[in-house]
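Hi,

Here is the structure I promised to pass on. Have a look at it first, and then read my notes underneath.

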Amino acid sequence: MNTKAKGSRSEKKTIELLEAQGYYCCKAGASLGLWDIIAISTVDIIVVQVKSNRWPERVETQLLIDFRGPPNCKKQIWRWDDRVKLPKVRNL
């Protein structure tokens, strides 16, 4: 299984759901940053870490929690499990 392709598919599904809610989305190049997707609307910003079949490890989760954004910034982890149509979303 190509895990990079699987991750890209999960990110694409995440972007599609966020855009359907009215967000403009930007995907981080090569996913080398802290956040995979930045979603912007007229009222808030959502930064998303996308995972497949697992939550991030404790150290990674703490880095996401410690991230300091503007007051209207929501931090989320979206976990896509195999053969499930909607992700599990964890707000940080």
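**A buried aspartate and what surrounds it**

Let's start with aspartate 44, which sits in the loop between β2 and β3. Keep in mind that you're looking at a predicted model.

Is aspartate 44 buried or exposed? Its relative accessible area is 6%, and buried means under 20%, so aspartate 44 counts as buried. Its side chain has partners in there, too. One polar contact, of 2.9 Å, joins it to the side chain of tyrosine 23, and another, of 3.0 Å, joins it to the side chain of lysine 74. If you leave aside the neighbours within four places in sequence, aspartate 44 is in contact with Tyr23, Ala39, Asn72 and Lys74.

**The nonpolar cores**

Two of those contacts, Tyr23 and Ala39, turn up again in the next part, as members of the largest nonpolar core. How many residues does this core have? There are 11: Ile15, Leu18, Tyr23, Cys25, Ile37, Ala39, Ile46, Val48, Val50, Trp78 and Trp80. The elements that give two or more residues to it are helix α1 (3-20) and the strands β2 (37-40), β3 (45-52) and β4 (73-80). Which of them gives the largest share? That's β3, with three residues.

Try clicking on cysteine 25, one of the core residues. Not counting residues up to four places away in sequence, cysteine 25 touches Ile15, Leu18, Glu19, Ile37, Ile38 and Ala39. Of that list, Ile15, Leu18, Ile37 and Ala39 belong to the core as well.

There's also a second core, separate from this one, made of five residues, among them Val47, Leu64, Cys73 and Ile77.

**Charged pairs**

Next, the salt bridges. The general idea is that side chains of opposite charge can pair when their charged atoms come close. How many salt bridges are there in this model? The count comes to six, and here are a few of them.

Lysine 12 and glutamate 16 form a salt bridge through their side chains, at 2.9 Å from N to O. Both residues lie in helix α1, four residues apart, which is about one turn of the helix. Lysine 12 counts as exposed because its relative accessibility is 52%, while glutamate 16, at 43%, is partly exposed.

Then look at aspartate 81, which takes part in two of the bridges. Its side chain meets that of arginine 79 at 3.0 Å, N to O, and that of lysine 88 at 3.4 Å, N to O. Arg79, Asp81 and Lys88 are therefore linked in a network of salt bridges, as a salt bridge here is a Lys or Arg side-chain nitrogen within 4 Å of an Asp or Glu carboxyl oxygen. Where do these residues sit, buried or exposed? Both aspartate 81 and arginine 79 are buried, aspartate 81 with a relative accessible area of 17%. Lysine 88 is partly exposed, at 42%.

**One more residue**

Last stop: serine 8, which lies in helix α1. Its relative accessibility is 33%, so serine 8 counts as partly exposed. If you want a distance to try out in the viewer, take serine 8 and proline 70. They are 62 residues apart along the chain, and their C-alpha atoms are separated by 27 Å.

Have fun with it!

Technical notes: Residues are numbered from 1 along each chain as its sequence is written. This is a predicted model: local features need pLDDT of at least 70, side-chain atom pairs count only at pLDDT 80 or more; totals for chains, interfaces and linings use all residues. Side-chain values use heavy atoms; hydrogens and water are left out. A nonpolar core is a set of buried Ala, Val, Leu, Ile, Met, Phe, Trp, Tyr and Cys residues joined through side-chain atoms within 4.5 Å. Buried means under 20% relative accessible area, exposed over 50%, partly exposed in between (1.4 Å probe, protein chains only). Contact means heavy atoms within 4.5 Å. A polar contact is a pair of N or O atoms within 3.5 Å; within protein, one must be able to donate a hydrogen and the other to accept it, and residues adjacent in sequence count only if both atoms are side-chain atoms.
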